[in-house]
Number of protein chains: 2
Amino acid sequence: MQVTSEILERAIEQLTKLPGTGRKSAQRIAMHLLKQSDDYVFKLAQALIDLKESVDHCSICHNISDQNPCSICSSVKRHTGIICVVEDPKDVYTIEKTGEFNGRYHVLGGTISPLDNIGPDDIRIKELMDRVHDEEEEVNEIILALNPDSEGEATSYYINKLLKHHEIDVTRIAYGIPMGTELEYIDEATLSRAFSSRNSF
Amino acid sequence: MQVTSEILERAIEQLTKLPGTGRKSAQRIAMHLLKQSDDYVFKLAQALIDLKESVDHCSICHNISDQNPCSICSSVKRHTGIICVVEDPKDVYTIEKTGEFNGRYHVLGGTISPLDNIGPDDIRIKELMDRVHDEEEEVNEIILALNPDSEGEATSYYINKLLKHHEIDVTRIAYGIPMGTELEYIDEATLSRAFSSRNSF
């Protein structure tokens, strides 16, 4: 096989390392970029460089942020007493989109997963407890919003146990039937959970 | 909604413009890049910039190339008399991978498509005819390797008509049953084509 452009080849090779991008997709992206304006490609490249060079973390909630503390932790409009515990920065984004939550966050940076050798000390549980003990934060509610998989469950149980002897409400977002679906298509685990978590109407 | 990182937001926005990349994928890519080494991200950004700044086209076959003429057109190991006509540079790559073809290429840069207002003058058919008339190239066979859709067919017919009164073999790659499949799963159009193109055994 004869490759006519080493530069193209190199771009494809780098793109192939992106998540969810195989050789074909990488090739399609490279071909697409070749047809785009210089301006767009330079902007994209610069945005990626900025991402690595300028993005920081908030020292309070550990979310990705341009400033420290982040705009949520430093906002006077947000309740300081309620902390929503999430696994990942992208969960903050997802929850913020609903506009339903007006407290602060705590990004664990993972979940307890013995199979992957991730214990409680490998994620930011200690930092969460520090915030609970911090009198300035006056934490009175911890909302657990972890993914409903076994690692998320285990982490939720662990945090709940740690907080047992504190005067803090530990709540969890409701797991059940998603809106707009039909019962027929719901898996058994979700349906069982929906039954055991039923509310008075 | 409160965005904690404008830089992240900007990177996601730029990534969303890539083909086949929605908001969720762009977000996943950005989060992935945040976790990667500086080295990789800078290499990726540089590869994209190089792609725009340094990649050129071969003035003979119009394929993407770092040099002009490209390594295929300037190779003494390739037959000069046979030209394989393809729609797109990525088709060259696909055919080169097979190692089956040892001639040169001609990249049309599209196919005739009246619905999209693309006529014969909008793709490199004139350039192909110039090559046919060029005595140095001594073209004796044109292999049409366009996609088996209506635009590809129309373009093949058009080129074949143009070459009718030249002493050149015009051939077309075989369309039929792909290897390794079962007849049962083949669509009717392909099967009809496989019948009408049957060979003696």
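This is a short talk about a predicted model with a chain A and a chain B.

Hi everyone. Please keep in mind throughout that we are looking at a prediction. Let me start with chain A as a whole, and then zoom in on one strand of chain B.

What does the secondary structure of chain A come to? The count is 7 helices and 6 strands. If you read along the sequence, the pattern goes α-α-α-β-β-β-α-β-α-β-α-β-α. So you meet three helices, then three strands, and from there helices and strands take turns.

Now for the overall dimensions. Along the principal axes, the C-alpha atoms of chain A fill a box of roughly 70 × 45 × 35 Å. The radius of gyration of chain A is 22 Å, whereas a compact globule of 201 residues would have one near 17 Å. Of those 201 residues, 43% are buried. Chain A exposes about 11,600 Å², and carbon and sulfur atoms supply 50% of that area. Here is one more number for the fold: take the contacts in chain A between residues at least 6 apart in sequence, and 47% of them join residues at least 24 apart.

How do the two chains relate? A turn of 180° with a shift of 0.0 Å along the axis lays chain A on chain B, with an RMSD of 0.1 Å. That is why we can speak of a two-fold axis here. If you want to find this axis on your screen, look for A:A45: its C-alpha is the nearest one in chain A, 2.2 Å away. Both copies use the same surface, as 100% of the contact residues of chain A recur in chain B.

Let's move to chain B and its strand β5, residues 141-144. Are its faces covered or open? Both are covered. In a regular strand, side chains alternate between the two faces of the sheet. In β5(B), B:E141 and B:I143 lie on one side, B:I142 and B:L144 lie on the other, and all of them are buried.

Which strands pair with β5(B)? One is β3 of chain B, residues 82-86, which runs parallel to β5(B) and is joined to it by 4 bridges. There, B:I83 stands opposite B:I142. Another is β6 of chain B, residues 169-172, also parallel and also joined by 4 bridges. In that pair, B:I143 has B:T171 as its bridge partner. To get from β5(B) to β6(B), the chain passes through helix α6, residues 150-162, in a right-handed β-α-β crossover.

Thanks for listening!

How values were computed: Residues are numbered from 1 along each chain as its sequence is written. Chains are lettered from A and ligands numbered from 1 in the order in which they are written. This is a predicted model: local features need pLDDT of at least 70, side-chain atom pairs count only at pLDDT 80 or more; totals for chains, interfaces and linings use all residues. Side-chain values use heavy atoms; hydrogens and water are left out. Buried means under 20% relative accessible area, exposed over 50%, partly exposed in between (1.4 Å probe, protein chains only). Helices (H or I, at least four residues) and strands (E, at least two) are DSSP runs, numbered from the N terminus. Two strands pair if DSSP finds at least two bridges between them. A crossover is right-handed if, with the strands pointing away from the viewer, the path from the first strand over the helix to the second runs clockwise. The radius of gyration is taken over C-alpha atoms; the globule rule is 2.2 Å times the number of residues to the power 0.38. Contact means heavy atoms within 4.5 Å. Accessible areas come from the Shrake-Rupley method with a 1.4 Å probe; for residues, only the protein chains shown count as cover. Copies are superposed by least squares on the C-alpha atoms of residues with pLDDT of at least 70 in both.
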